[in-house]
Amino acid sequence: MSDVHGHLDKLVPALHAAGLTDADGNWAGTDARLWFLGDFFDRGPDGIGVLRYVRGLIEQAPDGAVRMLLGNHEILALGMYKFGDTFVPHEGITLRSFERSWALNGGQDRDQELLTDDDVAWLLDRPLLGLDADQLLMHSDTAEYVEWGDSLDQINAAARAELHSDDIEVWWEIWRRTTSRYAFRGDSGPEVARIMLQHLGGRRIVHGHSIIADQLHIDPQFLTGPHLYADGLVLGIDGGAFDGGPCLVVDLTAD
């Protein structure tokens, strides 16, 4: 799953319909493994509710059965919490701050008001990338992850170290990298995907971040499943929940 964006009302029934939770919303996935590919926050009404619900599932499920990757909106929400309206130094004319970007990108006051130091500490230790069932899992459809290192472990360790810093310029660069997109589209997309898979592992990239319906030029409400592209090397799973689309639960063992 990816890009819930505060829509707990879509997340809960989607997980139940997939047989991963019971009627009360508790974990019932037996031997399944569930990955959330980021973006719990912003654009929708209850990002903090999504975070708390997923943390509850992680506690209920067997160790490692439910995992989360950081998305760019986690970085944005944490940056807002940590730095607020502090100016981010740069050479351009436009004033930059996490508060400004947070407001422009659907930030919700309630999420910031209810976010606790414990939530922040937990989020700071989540990885950017995962590898499971021969699938390379990431939030953003970007090649910028390799700026942190040459392997999955290097990238996650380097990004985690930067997230534990108090340098606003370092944080802004994390936000910039994880916000970039569309690396696997177009004529060069399959080759970019192929190179990333060769270096980081897996036979296919699975990502959220970029709404599938935009790529297919359809209304999100008509979307029924993920989108395989880049010569079958990349699977997009962002259903556009905040834009009227579904909260997709994608079975990565189905093919």
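**Exercises on aromatic packing and overall fold**

At 1% relative accessibility, Tyr-145 counts as buried, and this value, like the others below, is computed from a predicted model.

**Exercise 1.** Decide whether Trp-148 is buried or exposed, and classify the geometry of its ring pair with Tyr-145.

*Solution.* Begin with the cut-off, under which a residue is buried if its relative accessible area is under 20%. Trp-148 has 7% relative accessibility and therefore counts as buried. Turning to the rings, the centres of Tyr-145 and Trp-148 lie 6.5 Å apart with their planes at 40 degrees, so this pair is tilted.

**Exercise 2.** Determine how the rings of Phe-36 and Phe-40 are arranged, and state how many aromatic pairs the structure holds.

*Solution.* The structure holds five aromatic pairs. For Phe-36 and Phe-40 the ring centres are 5.7 Å apart and the planes stand at 80 degrees, so the pair is edge-to-face, given that planes over 60 degrees apart count as such. As for accessibility, Phe-36 is buried with a relative accessible area of 1%, and Phe-40 is buried with a value of 1%. Elsewhere, Phe-83, Phe-98, Trp-171 and Trp-172 form one aromatic cluster.

**Exercise 3.** Test whether the radius of gyration of the protein agrees with that of a compact globule.

*Solution.* For 255 residues, a compact globule would have a radius of gyration near 18 Å, and the protein has 17 Å, which agrees. Add to this that buried residues make up 53% of the 255 residues, and that, among contacts between residues at least 6 apart in sequence, 73% join residues at least 24 apart. The secondary structure behind this picture comes to 10 helices and seven strands.

Definitions and conventions
Residues are numbered from 1 along each chain as its sequence is written. This is a predicted model: local features need pLDDT of at least 70, side-chain atom pairs count only at pLDDT 80 or more; totals for chains, interfaces and linings use all residues. Side-chain values use heavy atoms; hydrogens and water are left out. Helices (H or I, at least four residues) and strands (E, at least two) are DSSP runs, numbered from the N terminus. The radius of gyration is taken over C-alpha atoms; the globule rule is 2.2 Å times the number of residues to the power 0.38. Buried means under 20% relative accessible area, exposed over 50%, partly exposed in between (1.4 Å probe, protein chains only). Contact means heavy atoms within 4.5 Å. Rings of Phe, Tyr and Trp (its six-membered ring) pair if their centres lie within 6.5 Å; planes under 30 degrees apart count as stacked, over 60 as edge-to-face and the rest as tilted.
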